[in-house]
Amino acid sequence: MRPDVKRILVCSAWPYGSGVPHLGNLIGCLLSGDAFTRFYRLASYEVLHVSGTDAHGTKIEYEAQRQGLSPAELASRVHDEIVRVLREFEVDIDNYTTTESPVHKEMVTALFREMEQNGYIFSQEEERAFCRSCGRFLADRFIVGKCPKCAYPYAQGNQCDACGALLEPEMLLSPRCAFCNSPEVIRKPTRHWYLDLQKLSPKLLAYVRSRDFQGNVKLFTERMIEEGLRPRAVTRDIAWGIPAPFRGAEGKVIYVWAEAVLGYLSATVEYFRAQGEEERWKDFWYGDEVWQIYTQGKDNIPFHTVILPALLLATGRPFHLPDQISATEYLSWEGGEQFSKTRRIGVFADEALGLLPAVYWRFYLFYNRPETKDAEFSWVEFDKAVNAVLVDNIGNFVHRVLSFVWTRLEGVVPDHPTAPAVQEAIREALEEVWGAITAGQLAPAVRAVAKLADFANRFFQSRAPWATGDEEAIASGVHLVKALAILLDPFVPMFSREIYSLLGLAQPKLSEVERGCAGVRLTAQPRPLLAHVDVEEVKRRYAMMKEEGLISIEEFQRVDLRVARIVHAEEIPGADKLLKLVLDIGDRQVQVVAGIRKHYKPEELRGKLVAMVANLKPATIRGIRSEGMILAASDGILALIGPDREVEPGARIR
């Protein structure tokens with residue numbers, strides 16, 4: 001990074017408001033942003049860290065409908081849970097907001113009008129994917145099919161998660177509707193507004209060439225440019241989002257990625273507006289006295305190296321463009337499976353906190369941050385990182401040295417300079433940490449600190465001050481403890497904070513790493529700061545967590561599922577949601593009260609075959625005895641479940 005900047009803006013990618021992030025999401029964006037924020041604050045820079053919940057788009061609308069909620073309800077609920085998780089993980093963030101923020105909506109509307117005025121937005125009539133069964137346009141998450149680039153069978157309408165290609169719904173092969181799974185996807189005329197990336201190409205190319213992008217960031221960006229920059233639609237035919245501000249675009253919203261990436265800007269404006277410093281946001285978005293760092297997974301790279309700069313350039317304002325993209329590779333679960341709450345695979349951020357304190361997860365994730373290739377979570381590697389490195393190598397050294405000072409020297413560090421070899425080891429570790437983090441890499445920085453701890457243990461053991469009374473060794477040992485605490489602060493701040501308290505340090509800076517602790521008096525009797533983790537017990541609890549709510553095959557076999565024929569249906573006076581049904585289940589007739597009145601008329605039901613649970617304990621509903629339950633599915637529209645051919649009433653469902 002340039003040494004002459006005054007400010008650092010850290011922009012962590014925004015988690016979707018459809019669910020709590022899993023461990024891969026967490027290390028890819030918010031935890032990494034936290035580490036950069038803490039490091040540069042230690043280095044005495046003025047730092048601002050912004051992010052928020054991405055509350056719009058088809059992913060939220062789809063998930064909300066699946067759960068029977070409004071998109072606003074789902075996004076608000078998830079946002080609150082993410083805020084709780086970030087607090088418990090001790091993520092240092094100045095403004096964690098949401099795309100539902102009035103400031104964000106106001107800025108997005110204004111910026112897109114500026115883009116249109118500058119000639120970078122145009123509209124055109126076109127045919128778009130439309131589900132004949134659902135009667136809706138299929139944008140982004142609403143459509144699934146085979147990727148035309150890599151043949152991945154579950155690519156979505158805006159991007160392929162397998163190869164990272166940016167897509168349009170109409171590019172998918174063998175498409176189907178994500179709501180009803182229907183292959184009846186046709187093309188229907190509509191009008192959409194586009195960002196003219198082709199027109200912006202010269203400016204974008206100049207920008208990309210001015211940045212020293214590395215690794216996967218360089219590969220993704222160069223590939224996108226080499227394939228040719230085509231206009232990108234910035235509107236969608238969906239209901240949930242920020243209304244498109246263009247004339248004739250009534251009923252359309254801004255494409256979620258075209259507005260969410262502008263959230264870094266609006267979150268900065270919102271933060272300073274709340275501080276009563278209306279114009280201060282410009283210090284982080286105009287001029288060359290700022291360095292902007294963006295953290296995200298590799299699938300989001302094109303949106304930050306091409307789409308975001310294009311949007312900012314199109315406004316005509318002199319915005320500072322992204323400087324460093326610190327992107328992780330994918331972290332999957334054991335065996336290469338993708339994290340999935342519905343399929344009970346992998347640990348999500350809220351679940352992690354129920355298994356272990358955040359300090360252990362933070363260290364593992366930073367120590368194994370996937371920076372050069374995709375990685376799998378491994379309990380073996382978790383054991384190595386947490387127990388062998390953090391607890392045994394680092395934590396035990398800290399306790400050993402400080403306990404020695406407390407018990408043998410009445411808590412006072414000898415007034416003696418640090419040994420030259422120790423001073424050199426600390427200096428080398430500081431240089432490695434600085435070099436890695438300023439290059440956008442965090443795992444090598446953590447491993448450099450672990451290497452310093454290795455040296456520290458060997459040094460203290462070889463000098464054996466308990467036998468020799470070697471004051472230089474003792475003073476050097478405490479200096480190493482201090483250096484480890486400061487260098488680990490960006491990664492496990494809760495651990496460092498405990499050491500600061502014992503050493504009487506208030507808010508140490510990176511510049512103090514090379515300064516010893518001669519003559520310092522410990523503030524309290526040291527205690528072990530970290531407990532050894534029983535990984536087998538954690539695995540057992542993880543398995544139990546994933547089994548909650550599951551039933552055995554024996555329990556399932558107790559449910560008497562049958563085909564039933566509706567022989568009579570009638571409305572219940574005063575109950576606008578209920579119908580009374582009489583069902584033939586072969587060996588008898590039963591009466592059932594069902595909440596389907598808003599979806600079916602009695603005359604539509606008579607003679608219909610349905611699936612039902614025949615051995616439910618009877619209940620009285622509105623004074624009417626109900627002796628079972630008919631089965632139905634809902635994706636927003638309720639549908640009764642039944643056999644696909646004529647079956648005798650009473651037939652068992654197996």
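How many salt bridges does the structure hold? The structure holds 46 of them, where a salt bridge is a side-chain nitrogen of Lys or Arg within 4 Å of a carboxyl oxygen of Asp or Glu.

Before we look at some of these pairs, here is some background. This is a predicted model, in which local features need pLDDT of at least 70 and side-chain atom pairs count only at pLDDT 80 or more, while totals for chains, interfaces and linings use all residues. Residues are numbered from 1 along each chain as its sequence is written, and side-chain values use heavy atoms, with hydrogens and water left out.

## Three salt bridges

The table lists three pairs, including their N to O distances.

| Acidic partner | Basic partner | N to O distance |
|---|---|---|
| Glu46 | Arg280 | 2.3 Å |
| Glu279 | Lys282 | 2.6 Å |
| Glu432 | Lys451 | 2.7 Å |

Let us start with Glu46 and Arg280, whose side chains meet in a salt bridge. Because Glu46 sits in strand 2 (residues 46–53) and Arg280 in the loop between helix 9 (263–274) and strand 13 (290–297), the pair ties together parts that are 234 residues apart in sequence. Helices (H or I, at least four residues) and strands (E, at least two) are DSSP runs, numbered from the N terminus.

Are these two partners buried or exposed? Glu46 is partly exposed, at 31% relative accessible area, and Arg280 is partly exposed too, at 22%. Here, buried means under 20% relative accessible area, exposed means over 50%, and partly exposed lies in between (1.4 Å probe, protein chains only).

The partners Glu279 and Lys282 are partly exposed as well: Glu279 has a relative accessible area of 45%, and Lys282 has 31%.

In the third pair, Glu432 belongs to helix 14 (residues 420–438) and Lys451 to helix 15 (residues 443–463), so this salt bridge ties together parts that are 19 residues apart in sequence. Glu432 is partly exposed at 34%, and Lys451 is partly exposed at 45%.

Salt bridges can also share partners: Arg7, Glu46, Glu277, Arg280 and Asp283 are joined into one network in this way.

## A buried aspartate

Now for Asp323, found in the loop between helix 10 (301–315) and strand 14 (324–328). With 7% relative accessibility, Asp323 counts as buried. Its side chain and that of His320 are joined by a polar contact of 2.6 Å. A polar contact is a pair of N or O atoms within 3.5 Å; within protein, one must be able to donate a hydrogen and the other to accept it, and residues adjacent in sequence count only if both atoms are side-chain atoms.

Leaving aside residues up to four places away in sequence, Asp323 touches Arg211, Phe213, Val290, Trp291 and Gln292, where contact means heavy atoms within 4.5 Å.
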